[in-house]
Amino acid sequence: MSVKCTVIIQKEDSWYVATDVATGVASQGKTIDESMANLKEALALYFEDNAPGTIETSIFVTTMEVAI
């Protein structure tokens with residue numbers, strides 16, 4: 001079984017933090033690839049205890065413009 005996840009990656013100092021939007025599970029790494037690999041492992045562990053079908057979320061991703 002596989003689950004598609006929506007992931008946000010943010011750079012914080014010298015680390016990249018990858019967070020799954022639906023579950024809030026996060027992991028970090030020195031590179032984007034490393035943070036994604038670490039998040040994949042963390043999500044696999046998360047889904048061992050939480051079946052993917054039990055997560056109820058409504059995700060809407062958009063952009064907006066802010067005047068500065």
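Here is a friendly exchange about a predicted model and the terms used to describe it.

Reader: What should I know before looking at the numbers?

Author: Residues are numbered from 1 along each chain as its sequence is written, and side-chain values use heavy atoms, with hydrogens and water left out. The model is predicted, so local features need pLDDT of at least 70 and side-chain atom pairs count only at pLDDT 80 or more, whereas totals for chains, interfaces and linings use all residues.

Reader: What makes β1 and β2 a pair of strands?

Author: Strands are DSSP runs of E with at least two residues, and helices are runs of H or I with at least four, both numbered from the N terminus. Two strands pair if DSSP finds at least two bridges between them. Strand β1 (residues 7-12) and strand β2 (residues 15-20) are joined by six bridges and run antiparallel, so they meet that definition. For example, isoleucine 9 has alanine 18 of β2 as its bridge partner, and lysine 11 has tyrosine 16 of β2.

Reader: How do you know that β2 also pairs with β3?

Author: By the bridges again: four of them join β2 to strand β3 (residues 26-29), and these strands run antiparallel. One of the partnerships is threonine 19 with alanine 26 in β3, and alanine 18 stands opposite serine 27 in β3.

Reader: Why are β1 and β3 called edge strands?

Author: The open sheet has three strands in the order β1-β2-β3, with antiparallel pairing. Within that order, β1 and β3 each pair on one side only. Neighbouring strands are turned by 25° against each other on average, direction ignored. Axes here are lines fitted to C-alpha atoms, for helices over the stretch in contact, and angles run from 0 to 180 degrees between N-to-C directions.

Reader: Where does the helix α1 lie?

Author: Helix α1 lies across β1, β2 and β3, and runs at about 145° to β3.

Reader: Why is aspartate 13 called exposed?

Author: Buried means under 20% relative accessible area, exposed means over 50%, and partly exposed is in between, using a 1.4 Å probe and protein chains only. Aspartate 13 has 75%, so the word is exposed. This residue is found in the loop between β1 and β2. Its phi is near 55°, a positive value in a residue other than glycine. The hairpin of β1 and β2 has two residues between the strands.

Reader: And what makes glycine 24 partly exposed?

Author: Glycine 24 has 47% relative accessibility, so it counts as partly exposed. Its place is in the loop between β2 and β3. That hairpin has five residues between the strands, and glycine 24 takes a positive phi near 80° there. From glycine 24 to valine 7 is 9.5 Å, C-alpha to C-alpha, with their positions 17 residues apart in sequence.

Reader: Why is serine 27 counted as buried?

Author: Serine 27 has 18% relative accessibility, so it counts as buried. It belongs to strand β3. Contact means heavy atoms within 4.5 Å, and the residues that serine 27 touches include Tyr16, Val17, Ser35 and Leu39, not counting residues up to four places away in sequence.

Reader: Which residues of β3 point to one face, and which to the other?

Author: Ser27 and Gly29 point to one face and are buried, while Ala26 and Gln28 point to the other and are not. In a regular strand the side chains alternate between the two faces of the sheet.

Reader: Is phenylalanine 47 buried or exposed?

Author: Phenylalanine 47 has a relative accessible area of 19%, so it is buried. This residue is found in helix α1. Its C-alpha atom is separated by 10 Å from that of valine 25, which is 22 residues apart along the chain.

Reader: Finally, how do you know that valine 61 is exposed?

Author: Valine 61 has a relative accessible area of 64%, so it is exposed. It lies in the segment after α1 (32-49).
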